[in-house]
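Colleague: I have a model open and would like to learn how to read its domains and interfaces. Could you walk me through it?

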Amino acid sequence: MFEKKQKRSFKEWFHTYEGQKLYVSALFLLVPLVLLLTFTFVPAFNMITYSFQERDQFGVDPQFVGFDNYKTIFTNPDYFITFKNSLYYLVGSVVQQIVALLLASILCSEIRAKGFFKGVLFFPYLMNGVAVSIIFLRFFTKGNPPLTQEGTLNSVLQMFGIDPVRWMDAANPVLVNCCLVFVSIWRYIGFDIIMYIGAIQSISPDLYEACDLDGANPFQRFRYIVFPSIKPIISLQLILAVKGAISVFEIPYIITGGNYGTSTFVIKTIETAFKKKQVGLASAMAVVLLIIIIIVTLVQKFMFRDESEVEARESAKKKRLKMSEKGAA
Amino acid sequence: MAAAGRSIKEQAKSGRLVVTVLKYLTLVVGCLVVFIPIVVILLGAFKDGKEFANTGVFELPKSWSFGNFKTAFFEGKVLLGLRNTGIILLVSCAGTILTGTMTAFVIQRFDGYFTRAVKGLFLLATLLPNISMQVTVFRIVSKLGLYNTMWAPIILYVGTDIISIYIFMQFLSQISVSLDESAIMDGASYPRIYFSIILPNLTPAIATVLIIKFVSIYNDFYTPQLYMQNEKLLVVSTVLYKYISSTTIKWEVVFAGIILCIIPTLVIFLSLQKYIYSGLVSGSVKE
């Protein structure tokens, strides 16, 4: 008798919204949470543990080595050079932002075939990274390794009477890195252009009108209207560029395989883990990358909280103004 | 006075003309930089082996034959790559939409300590750098027996995709709770609310996620390269990579393969252009 009553009440409870909330939460979150734990948090925990160990390929009998792995990363020039290489990409992304901003502001002005230009400039962003890399292998060189110099770029240069250049030259890592940075800009710039177009178009047309009345030329217009309005986005992009520069992987991995002094931090990590099978050291590298990313993210959050607060204050001001206008009317 | 006024006007006019010319010039140069590397690939794809070796990169092919494309498609395994990529895309998209909307629904609609904690976990996970995490993910994937199966990339694409959950959450916060409440008044259960109110209303967000997913999975190289070494499991990216990592490279066939692999992207881009611009940008801003 008693048991029956309890059962019924459980059943009843099960159909109340409280009960439903509980079982729906459990049911809906089960799979995503299991996946999150197994493929993100457990590996992250392992990563930190392994980073203090010397491990062989099979993880048999790992030895605790303290901070030795971290010391290797920052003292062994073979590893430390990858930080230097990421500077190329950092500088590259500054150039990328400037060019993207220029193209975006042109695309926002009165111009024919806007859609076409926008589409062409954006399309590389959607292309398969391996395809892009092979296309540029051909762009800089020709034929099977050892590569000859009759690539597309040299053919273009010859049309202008310029002597061919050895782009992929082991003796000139600076040039090779610059080439790779160029490929990276080529691939990713379209995205920035679209972002900047969105930002520029969200500027109030009243400002432009006022600007035209004052007889400003396009450069003044950019300097005093467009630039201040999109400054937050530019600074966000530059912060994200740090993240991007340290995590460069695909393009150099496919085009040069990290040879010719073009190895990046992530390429080195992957090589250390899967070619040299030094999982401990590789884990330490992954942890270093994680720390850099956390710092960058904190900086970004900190700066953007300020921005959004300013925005909120301004919109409140506008609202108050509108209210008072209404009141006056 | 009048003359001076006119000359200022004329100056302004010619100044504007110069600016306009400069604008178009910049755009045309930009487009050439995009086009030239690709056009060379396209021309090369139509040449036969001898012709390819002996002609300049900008020389037109003698005949527009599709022989290389045929070779790349069948012998060069582009067909296989497209098929495998298609399967992986389909399953992972379905998985992401289901788990992503469900997670977003619970986190966004049932406010409480538990759901807030879960939200925090997901946000924390966005910090972890994907590629270098593979150092330890690899061990787990192979321990689970997923190595060299399509499940490895599928599970990673579904299980570590936090951006999608974020987009769904953002979108859900704009769907009024009063919709849910009126359904509750009518006696609908929460699962019912999810399936007949939330899911249909999330359609635009789902479209955004599908676009982002397509671009990232179709172009992903590292996950399949690491987890699917089996010849039968080649995907678009790894098929192309295989070409250039072999010792003898038939460039004209490689180029044909590249063109074939770009065509699906081009078709999708041309047909969904507007949604792609807004989708990708909204996806990144919330990152």
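**Domains and interfaces**

Modeller: Happily. In this predicted model, chain B is divided into domain 1 (2–65) and domain 2 (76–285).

Colleague: How many Å separate the centres of domain 1 and domain 2 of chain B?

Modeller: Taken over C-alpha atoms, the centres are 37 Å apart. Eight residues of domain 1 of chain B and six residues of domain 2 of chain B make the contact.

Colleague: And how should I read the size of an interface?

Modeller: The usual figure is often the accessible area lost when the parts come together. Here, domain 1 and domain 2 of chain B bury about 610 Å² between them, with 86% of it on carbon and sulfur atoms. On the domain 1 side, B:Ile41, B:Ala45 and B:Phe52 supply 67% of the buried area, more than any other three residues.

Colleague: How many salt bridges are counted between these two domains of chain B?

Modeller: Zero, and the count of residue pairs in polar contact there, both at pLDDT 80 or more, is zero too. Helix α1(B) gives the most to the domain 1 side, with four residues.

Colleague: What area is buried between chain A and chain B?

Modeller: About 8,000 Å², of which carbon and sulfur atoms give 81%. In chain A, A:Tyr17, A:Phe28 and A:Phe39 lose the most area to chain B, together 10% of what that side buries.

Colleague: Which polar features cross between chain A and chain B?

Modeller: The rule finds 12 residue pairs in polar contact, both at pLDDT 80 or more, but zero salt bridges. The side of chain A that touches chain B has 62 nonpolar, 18 polar and 10 charged residues.

How values were computed
Residues numbered from 1 in each chain as written. Chains lettered and ligands numbered in written order. Predicted model: local features only at pLDDT ≥ 70, side-chain atom pairs only at ≥ 80, totals over all residues. Heavy atoms only, no water. Buried area = accessible area lost by both parts, 1.4 Å probe. Salt bridge = Lys/Arg side-chain N within 4 Å of Asp/Glu carboxyl O. Polar contact = N/O pair within 3.5 Å; in protein donor to acceptor, adjacent residues only side chain to side chain. Nonpolar A, V, L, I, M, F, W, Y, C, P; charged D, E, K, R; others polar. Domains from an automatic or database assignment. Contact = heavy atoms within 4.5 Å. Helix = DSSP H or I, 4+ residues; strand = E, 2+ residues; numbered from the N terminus.
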